[in-house]
Amino acid sequence: MYGANTEQAPPRFRERRPMAKAILGIDLTGLDVLIVEDDAASSFLVARVLSKYGARVDTAIDGSEALARFEEKRYPVIVTDICMPGMDGLELAERIRRLDNNTQIIATSAHSETDFLISAIELGFNDYFLKPFNIDKLLWAVKRCADARSNRQQLEDEREKFRAVVDCLGEAITIKDLDYRIQYQNRAMTNMYGDRIGSACYSVFGLESPCQECPTLKTLKDGKPHSSCRNYQLDGASHYIESTASLLRNSRGTITGTVEIIRDIGERARNEQIMRDMAFLDPLTGLPNRRLFEDRLVQAIAESRRYGKQFGLMTLDLDNFKEINDSFGHEAGDQVLREAADRIRTCCKRDLDTISRHGGDEFCVIITDCRGKEQLSAVVDQLLVQFSQPFQLADSQVKVTTSIGISIFPDNGTERKELEIASDRAMYAAKKAGRNTYRFWEPYPRPLAGV
């Protein structure tokens with residue numbers, strides 16, 4: 001291939017015919033090497049030896065030719081002389097590093113000046129040989145460079161596999177340093193929050209510091225994995241996420257940061273809310289159903305008993321509601337029930353109070369922390385005024401009044417069942433009194449005057 005023999009090599013090389021592959025244990029088969037040397041004999045010698053060990057060798061006489069060759073073919077290993085006319089080996093190495101920082105570069109030089117050695121170190125040469133050099137040592141250097149390049153390529157391939165895998169996941173994944181700054185994020189994270197590389201993770205959620213429930217904060221404190229579910233506002237919308245954080249260690253076991261997996265659980269949260277609504281809310285009016293109402297009633301009893309307070313329990317029943325269903329149909333009846341719920345809400349606006357639909361045309365209201373009959377009567381008067389207004393059904397207006405019964409804790413009972421029975425009986429007393437009115441529960445009717 002090169003047409004010369006080793007006997008013609010210059011005396012400055014300690015030429016010794018290299019041992020066979022099996023003896024040295026060096027196999028460069030398939031390795032592309034570029035030799036950059038302005039001395040033809042030196043170039044020939046190195047090329048011939050590397051070729052015998054299986055390398056595919058190309059040569060260049062100066063830095064400019066080598067750079068042109070490298071731009072056409074990215075050689076994994078380059079053996080270059082330092083001192084050459086035109087572009088020298090130092091400038092060539094600098095230019096090569098800009099194009100491909102993974103290329104392995106071995107320098108050869110007849111000069112041992114300190115400046116050359118410092119420049120070679122700064123440019124990141126992988127090895128450096130002073131002429132004349134031992135050809136076997138050069139072979140081993142090329143072998144080490146080839147192995148390093150191969151190992152680095154394998155590592156990069158594994159990294160690409162890792163990126164491909166994590167980018168296929170639906171969960172957002174971030175790697176953060178010990179200052180909570182994001183060092184890596186996968187595609188799902190980018191799709192959810194944009195490019196946040198270099199930003200503190202808590203800034204993603206509009207915070208200036210980690211929240212107390214932050215799983216990363218907890219993980220850094222005790223070293224254990226932690227998870228949390230959070231609701232936050234972003235761009236005017238509510239977002240529900242579940243995040244899990246774990247420690248990240250290097251090969252020496254030193255903690256270098258954390259890895260966090262973030263899942264968008266908005267759909268799950270919405271489904272759970274729907275199930276809660278189905279379990280505790282009346283689907284027609286959106287009011288608490290009997291199950292939730294009874295729980296609120298038990299809470300009101302416990303709180304009033306603890307703090308010595310009163311509260312009122314009202315039972316409302318729409319008068320002659322059956323006639324609405326019979327005359328106008330059930331859809332009209334549902335419309336009346338929805339509007340009746342709205343009218344009750346208008347009169348009972350406090351967050352502490354509970355309005356419930358118990359089914360049919362019956363509603364119940366808990367008025368907490370009341371000041372006795374006077375306050376309850378004021379609320380009931382507002383309700384009766386509201387129900388004195390006709391209901392609009394298509395082209396017709398119908399009048400639907402209500403009868404209201406009231407019991408008071410602890411005057412009419414200290415248990416849930418007692419209060420419910422008392423208010424229910426008071427409601428029937430209001431109906432017997434002519435409807436469209438209210439009655440407080442009076443267990444013992446007062447004697448008539450003069451009796």
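**Figure 1. Surroundings of Thr-108 in strand β4 of the predicted model.** Thr-108 touches Glu-37, Val-79, Thr-80, Asp-81, Ile-82, Phe-129, Lys-131 and Phe-133, leaving out residues up to four places away in sequence. The strand that holds Thr-108, β4, covers residues 104-109. Is Thr-108 buried or exposed? Thr-108 counts as buried because its relative accessibility is 3%, and the limit for buried is under 20%.

**Figure 2. The cis peptide bond between Lys-131 and Pro-132.** Omega of this bond is about -5 degrees. Pro-132 sits in the loop that runs between strand β5 (127-130) and helix α6 (135-168). Lys-131, one partner in the bond, is also among the residues that Thr-108 touches.

**Figure 3. The cis peptide bond between Phe-409 and Pro-410.** Here omega is about 5 degrees. Which two elements does the loop with Pro-410 lie between? They are strand β16 (402-409) and helix α14 (416-432).

**Figure 4. Helix α8 and what covers it.** Helix α8 consists of residues 215-222. Pro-215, Thr-216, Leu-217 and Thr-219 are buried in this helix. Their cover includes the strands β6 (172-176), β8 (226-234), β9 (237-249) and β10 (255-264). After α8 comes Gly-223, with a positive phi near 80 degrees.

**Figure 5. Surroundings of Thr-258 in strand β10.** Thr-258 has a relative accessibility of 0% and so counts as buried. Which residues does Thr-258 touch, not counting those up to four places away in sequence? They are Thr-174, Ile-175, Lys-176, Thr-216, Leu-220, Ser-246, Leu-247 and Leu-248. One of these, Thr-216, is a buried residue of α8.

**Figure 6. The largest nonpolar core.** This core has 34 residues. Within the core, the residues with the most contacts are Met-314, Leu-318, Ile-344, Phe-363 and Ile-404. Two or more residues each come from β11, α11, α12 (330-347), β13 (362-370), α13 (373-388), β14, β16 and β17 (438-440). Which element gives the most to this core? Helix α12 does, with seven residues. A second, separate core has 25 residues, including Ala-47, Leu-50, Ile-106 and Val-142. In soluble globular proteins, nonpolar side chains tend to be buried together.

**Figure 7. Contacts of Ile-344.** Ile-344 is in contact with Leu-316, Ile-355, Phe-363, Val-365, Leu-383 and Phe-387, leaving aside neighbours within four places in sequence. Both Ile-344 and its contact Phe-363 are listed among the residues with the most contacts inside the largest core.

**Figure 8. Surroundings of Thr-402 in strand β16.** The relative accessible area of Thr-402 is 0%, so this residue is buried. Apart from neighbours within four places in sequence, Thr-402 is in contact with Leu-316, Asp-317, Leu-318, Asp-319, Leu-384, Phe-387, Asn-436 and Thr-437. Leu-316 and Phe-387, both in this list, are also in contact with Ile-344. The C-alpha atoms of Thr-402 and Arg-439 are separated by 12 Å, and the two residues are 37 residues apart along the chain.

**Figure 9. Positive phi at Asn-320 and Ala-394.** Neither Asn-320 nor Ala-394 is a glycine. Phi of Asn-320 is near 55 degrees, and phi of Ala-394 is about 55 degrees. Asn-320 is in the loop between β11 (310-318) and α11 (321-328), while Ala-394 is in the loop between β14 (391-393) and β15 (396-398). How do the two residues stand with respect to the surface? Asn-320 is partly exposed, with a relative accessible area of 41%. Ala-394 is exposed, with a relative accessible area of 71%.

**Figure 10. The protein chain as a setting for the close-ups.** The chain has 14 helices and 17 strands. Its radius of gyration is 43 Å, well over the 22 Å that the globule rule gives for 451 residues, so the chain is more spread out than a compact globule. The C-alpha trace spans about 145 × 50 × 40 Å along its principal axes. Of the 451 residues, 43% are buried.

Terms used: Residues are numbered from 1 along each chain as its sequence is written. This is a predicted model: local features need pLDDT of at least 70, side-chain atom pairs count only at pLDDT 80 or more; totals for chains, interfaces and linings use all residues. Side-chain values use heavy atoms; hydrogens and water are left out. Helices (H or I, at least four residues) and strands (E, at least two) are DSSP runs, numbered from the N terminus. Buried means under 20% relative accessible area, exposed over 50%, partly exposed in between (1.4 Å probe, protein chains only). The radius of gyration is taken over C-alpha atoms; the globule rule is 2.2 Å times the number of residues to the power 0.38. Contact means heavy atoms within 4.5 Å. A nonpolar core is a set of buried Ala, Val, Leu, Ile, Met, Phe, Trp, Tyr and Cys residues joined through side-chain atoms within 4.5 Å.
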